[in-house]
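Q: Could you take me through this protein model, starting with the terms you will use?

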Amino acid sequence: LRGLGYDVPAIARDGVEAIEKAAEIKPDLLLMDVQLGEGMDGIETARRIRAEHDIPVVYISSHVDTRLLERARPTRPAGFINKPFTTKDLLTAIDMALHRRAETEAPREAVTPAPRAAL
């Protein structure tokens, strides 16, 4: 992401850390792996973050099925990237998510700040 010109203000190792960093940094976008290891998964983490902050989430997963999509849908994801992914897949998902966010904020803000990428 940094090589593509995005600022990466933090990388979280688990859901609790992601929630803390999202509240502290308030990034323009979250890239959230569905599998976070121990504790809550990425969907539950995103649900908790989105309940407090209007930060778009792009999910990343190596396994997508109907059950996973049904769980993710209520969090209003800005995108979904399947592993393995290409740089083009990543750029497309990020661009569309940031563009959608800028469109929804346009009436509230006359100038859109430069994007800060992801956790």
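A: Certainly. A residue is called buried under 20% relative accessible area, exposed over 50% and partly exposed in between (1.4 Å probe, protein chains only). On that basis, 39% of the 119 residues of the protein count as buried. This is a predicted model, in which local features need pLDDT of at least 70 and side-chain atom pairs count only at pLDDT 80 or more, while totals for chains, interfaces and linings use all residues. Residues are numbered from 1 along each chain as its sequence is written, and side-chain values use heavy atoms, with hydrogens and water left out.

Q: How many helices and strands does the protein have?

A: There are four helices and three strands, arranged along the sequence as α-β-α-β-α-β-α. Both are DSSP runs numbered from the N terminus: helices are H or I with at least four residues, strands are E with at least two.

Q: In which sense do β1 and β2 pair?

A: Strand β1 (residues 30–33) pairs with β2 in the parallel sense, over four bridges; two strands pair if DSSP finds at least two bridges between them. One of the partnerships joins Asp33 to Ile60 in β2. Between β1 and β2 the chain passes through helix α2 (residues 42–52), and this β-α-β crossover is right-handed. That term applies if, with the strands pointing away from the viewer, the path from the first strand over the helix to the second runs clockwise.

Q: Now the interior. Which residues have the most contacts inside the largest nonpolar core?

A: They are Leu30, Met32, Ile43, Ile49, Val57 and Tyr59, in a core of 14 residues. A nonpolar core is a set of buried Ala, Val, Leu, Ile, Met, Phe, Trp, Tyr and Cys residues joined through side-chain atoms within 4.5 Å. The elements α1 (15–25), β1, α2, β2 and α3 (66–72) each supply at least two residues of this core, and the largest share, three residues, comes from α2.

Q: What does Ile49 touch?

A: Leaving aside residues up to four places away in sequence, Ile49 touches Ala18, Ile19, Ala22, Leu30, Met32 and Ile55. Contact means heavy atoms within 4.5 Å.

Q: Any aromatic pairs?

A: A search of the whole structure finds one. Tyr59 and Phe80 form a tilted pair, 5.8 Å centre to centre with 45° between the planes. Rings of Phe, Tyr and Trp (its six-membered ring) pair if their centres lie within 6.5 Å; planes under 30 degrees apart count as stacked, over 60 as edge-to-face and the rest as tilted.

Q: Are Tyr59 and Phe80 buried or exposed?

A: Tyr59 is buried, at a relative accessible area of 0%, whereas Phe80 is partly exposed at 26%.
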